[in-house]
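Biologist: Thanks for sitting down with me. Could you walk me through this structure step by step, as you would for a first-year student?

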Protein chains: 2
Amino acid sequence: MAATLKDVAKLCAVHPSTVSRVIRGKENIPISPETREKILEAVKNLNYQPDQTARALRLKKSNVIGLIIPNFSSPYFSSIAKIMELECSKQGYTLIVCDTNEEQEKEIRAVNDLSSRGVDGLIIAPVQECDYHIRELAIKKFPFVLIDRCFDNIETNAVICNDEESAYNAVVHLINLGHKKIGFISGRPNLYPVIKRLSGYKKALQDHDLALQEKYIAGVNPTLEDAFNSAQLLLNLPVAPSALIISGSIITLGVLKAIIEKKLAIPKDISIIGFTDTIYSPYLICPLTTVTHSIKEIGTKAFELLLHNIINEDNPSHSKVTIKAEFFIRGSTTQNNSNE
Amino acid sequence: MAATLKDVAKLCAVHPSTVSRVIRGKENIPISPETREKILEAVKNLNYQPDQTARALRLKKSNVIGLIIPNFSSPYFSSIAKIMELECSKQGYTLIVCDTNEEQEKEIRAVNDLSSRGVDGLIIAPVQECDYHIRELAIKKFPFVLIDRCFDNIETNAVICNDEESAYNAVVHLINLGHKKIGFISGRPNLYPVIKRLSGYKKALQDHDLALQEKYIAGVNPTLEDAFNSAQLLLNLPVAPSALIISGSIITLGVLKAIIEKKLAIPKDISIIGFTDTIYSPYLICPLTTVTHSIKEIGTKAFELLLHNIINEDNPSHSKVTIKAEFFIRGSTTQNNSNE
DNA sequence: CTGTTAGCGCCTTCAC
DNA sequence: GTGAAGGCGCTAACAG
């Protein structure tokens with residue numbers, strides 16, 4: 001059994017609260033050098049570690065921040081976790097991360113679990129099938145900020161991306177290269193960023209007098225297999241697209257699989273633009289042209305908003321910050337020479 | 001402020017302990033249907049959530065398991081996190097994950113933090129610069145299991161890989177293809193798996209009468225940049241290797257970068273075998289031949305050992321389980337036709 | 001400078 | 001079937 005304050009106190013023949021005082025080591029609390037010495041000695045001998053659970057219960061403050069993401073395996077979200085970790089530790093917070101596996105039920109459990117476990121604040125990339133638990137958090141004035149995805153009808157802090165605009169620009173890039181048959185493949189279509197990207201995609205087509213073809217739009221679940229199937233669907237169309245906008249890093253792999261299996265060459269036979277950039281993008285079968293949002297920017301901004309709400313808990317802010325995309329042109333897009 | 005047991009009790013004009021009883025909903029505790037009804041009603045109205053911090057303090061049991069990994073951004077470790085999440089949630093545990101950024105100091109903090117925060121057990125992929133804190137855990141009989149890396153001189157639970165043997169086999173594969181100049185590039189050379197792989201590498205050379213060339217061995221830090229530098233070193237040697245064993249998924253990217261920059265073709269100019277497989281391996285500039293260990297196996301086995309130690313806390317087991325490698329032959333290795 | 005007291009929110013005996 | 005009391009380990013406020 002681990003040593004407690006009491007054990008240390010007994011060993012030193014002082015009161016537990018005295019031990020507590022030297023442990024916390026605040027400057028302005030007067031302690032005689034001898035007792036401090038004595039206590040520090042005992043602490044070392046007993047290998048005493050303050051029980052953070054008890055401390056959190058007492059203080060209503062844990063110095064822990066929770067991050068809830070839908071998928072550890074997504075390089076996008078794991079990079080966000082990485083950045084958040086760095087940011088938190090810089091400010092003396094511990095970060096703990098939960099994976100919801102894109103399941104709404106698990107997200108609700110994670111939110112309840114972490115908040116009732118005394119984390120000081122939460123950063124959430126929501127699954128977005130329901131919003132009840134998010135509303136609850138807002139009502140309780142529990143400090144949290146959403147990232148990547150948000151709800152238009154709830155006032156919250158959120159750090160989101162200019163997905164509509166950046167998708168628009170990506171499509172225009174393809175149009176300028178002479179592409180007229182442009183497909184769009186995503187994971188779950190009801191996701192905030194996907195909705196926005198799709199809207200940008202449609203607008204770009206419209207603005208350039210290209211007819212919208214519903215059959216060029218596909219995507220069901222955020223898995224490699226589903227993306228593979230969606231891509232096959234498009235590639236096997238009688239008139240297949242000459243370019244693809246791909247929404248999601250794992251989705252991109254599924255699409256690549258379909259392209260490889262059909263023995264198409266990138267970009268000769270088909271141009272592709274991926275959302276979002278990962279460390280792998282330059283090293284793929286064809287170096288990937290990507291639209292991406294600075295993960296560092298998302299992370300630091302989210303943390304900043306959260307910290308502000310932790311400090312001003314009674315008077316929470318509700319800012320929606322939008323991060324501007326960057327566009328990395330690599331080898332996966334080229335001129336379309338066919339005339340259609 | 002969130003509602004407490006007391007609030008619910010007051011609203012129902014019962015004693016808090018009564019509320020506690022219905023909340024936990026144990027079968028064998030007798031409660032009159034009316035009071036149960038009344039209390040459940042109030043719980044819903046107040047949106048009462050039991051405070052897990054207080055509960056953990058009282059029960060010495062949190063149903064939380066902590067995972068400590070050196071890098072969220074590594075697909076290897078993030079996949080492990082994924083698997084662990086699935087495993088834990090299957091058994092009613094919540095998983096929380098901490099990233100140590102390969103820093104020993106952060107790992108120590110994470111271990112202390114999580115253990116003093118009442119997690120029921122810990123799974124750790126240690127940084128391996130020191131082992132004091134790991135020893136402490138063992139002495140305290142705190143339930144934990146090491147993964148991927150372990151200490152030869154501490155008795156612990158651990159799930160490790162047959163790195164020596166699998167590296168040996170990988171090198172033999174290259175030798176059988178006619179390669180004689182085989183390089184070895186890793187991240188931190190003092191890491192358990194790297195030591196083992198290197199040892200297997202050396203043994204294979206020796207068994208096939210190939211001289212060990214120290215200059216063919218490189219690697220300092222587990223970063224893309226360092227791997228890039230290491231690879232450049234080898235590739236620019238007067239007599240450069242014709243094949244490379246690469247230890248680590250991020251390391252592989254650094255090596256690819258160097259190969260691309262030197263305009264070498266894989267596998268024509270150089271064959272490579274990577275540890276470990278990721279979802280990206282088939283889609284890289286050249287589909288990667290890899291040695292890998294089933295992450296699912298690692299995760300489920302680690303969880304199993306941990307659970308055993310959580311349940312039998314006073315009488316901990318110390319098993320070292322070794323996972324056998326799989327070998328995926330893809331396109332990045334081929335016959336060496338030069339005669340050297 | 002140090003001890004005493006009270007209580008964070010919960011659960012577990014032990015009464016009745 | 002339910003209430004009362006005590007305590008998990010810690011800290012804050014108040015004494016002295």
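**How the two copies relate**

Modeller: Happy to! A turn of 180° and a shift of 0.1 Å along the axis lay chain A on chain B, with an RMSD of 0.2 Å. The two copies are thus related as by a two-fold rotation axis. Please keep in mind that this is a predicted model.

Biologist: What percentage of the contact residues of chain A recur in chain B?

Modeller: Start from the superposition, in which chain A is laid on chain B by a turn of 180°. The same surface serves both copies. The share of contact residues of chain A that recur in chain B is 100%.

Biologist: Which residues of chain A does Leu57(B) touch?

Modeller: Leu57(B) has its place in helix α4 of chain B. With a relative accessible area of 26%, Leu57(B) is partly exposed, because that class lies between the 20% and 50% cut-offs. Leaving aside residues up to four places away in sequence, Leu57(B) touches Asp51(A), Thr53(A), Ala54(A) and Leu57(A).

**The build of chain A**

Biologist: How many helices and strands does chain A have, and what is its radius of gyration?

Modeller: Chain A has 12 helices and 12 strands. For 340 residues the globule rule gives 20 Å, and chain A is well over that, so it is more spread out than a compact globule. Its radius of gyration is 26 Å.

Biologist: What does the C-alpha trace of chain A span along its principal axes?

Modeller: We have just met a chain that is more spread out than a compact globule. The spans along the principal axes put three numbers beside that description. For the C-alpha trace of chain A they are about 90 × 40 × 30 Å.

Biologist: What percentage of the contacts in chain A come from residues 24 or more positions apart?

Modeller: The count takes in contacts with a separation of 6 or more. Within that set, we ask for the residues 24 or more positions apart. They account for 71%.

Biologist: What percentage of the residues in chain A are buried?

Modeller: Buried here means under 20% relative accessible area. Chain A has 340 residues to sort in this way. The buried share is 56%.

Biologist: And how much area does chain A expose?

Modeller: Carbon and sulfur atoms supply 52% of the exposed area of chain A. The total that chain A exposes is about 14800 Å².

Biologist: How far apart are the mean positions of the positive and negative charges of chain A?

Modeller: Chain A carries 38 positive and 38 negative charges. Take the mean position of each set and compare the two. They are 4 Å apart.

**A closer look at some loops**

Biologist: Is Asp131(A) buried or exposed?

Modeller: Asp131(A) is found in the loop between β3 (121-124) and α7 (132-139) of chain A. Not counting residues up to four places away in sequence, Asp131(A) touches Phe151(A), Asn153(A) and Ile154(A). Its relative accessibility is 18%, so Asp131(A) counts as buried.

Biologist: What distance separates the C-alpha atoms of Asp131(B) and Asn153(B)?

Modeller: Along the chain, Asp131(B) and Asn153(B) are 22 residues apart. Even so, Asn153(B) is among the residues that Asp131(B) touches. Their C-alpha atoms are separated by 9.7 Å.

Biologist: Which residue does a cis peptide bond join to Ile266(A)?

Modeller: At this bond, omega is about 0°. The partner lies in the loop between α11 (249-261) and β9 (271-275) of chain A. It is Pro267(A).

Biologist: What is omega for the cis peptide bond between Phe275(A) and Thr276(A)?

Modeller: Thr276(A) is found in the loop between β9 and β10 (289-293) of chain A. A cis peptide bond joins Thr276(A) to Phe275(A). Omega there is about 5°.

Biologist: What is phi of Asn47(A) near?

Modeller: Asn47(A) sits in the loop between α3 (33-46) and α4 (52-59) of chain A. At 23% relative accessibility, Asn47(A) counts as partly exposed. Its phi is positive, in a residue other than glycine, and is near 55°.

Biologist: How far apart in space are Pro33(B) and Thr333(B)?

Modeller: Pro33(B) belongs to helix α3 of chain B, and is exposed, with a relative accessible area of 55%. In sequence, Pro33(B) and Thr333(B) are 300 residues apart. In space, C-alpha to C-alpha, they are 71 Å apart.

Conventions. Residues are numbered from 1 along each chain as its sequence is written. Chains are lettered from A and ligands numbered from 1 in the order in which they are written. This is a predicted model: local features need pLDDT of at least 70, side-chain atom pairs count only at pLDDT 80 or more; totals for chains, interfaces and linings use all residues. Side-chain values use heavy atoms; hydrogens and water are left out. Helices (H or I, at least four residues) and strands (E, at least two) are DSSP runs, numbered from the N terminus. The radius of gyration is taken over C-alpha atoms; the globule rule is 2.2 Å times the number of residues to the power 0.38. Buried means under 20% relative accessible area, exposed over 50%, partly exposed in between (1.4 Å probe, protein chains only). Contact means heavy atoms within 4.5 Å. Accessible areas come from the Shrake-Rupley method with a 1.4 Å probe; for residues, only the protein chains shown count as cover. Lys and Arg count as positive and Asp and Glu as negative; His and the chain ends are not counted. The place of a charge is taken as NZ of Lys, CZ of Arg, CG of Asp or CD of Glu. Copies are superposed by least squares on the C-alpha atoms of residues with pLDDT of at least 70 in both.
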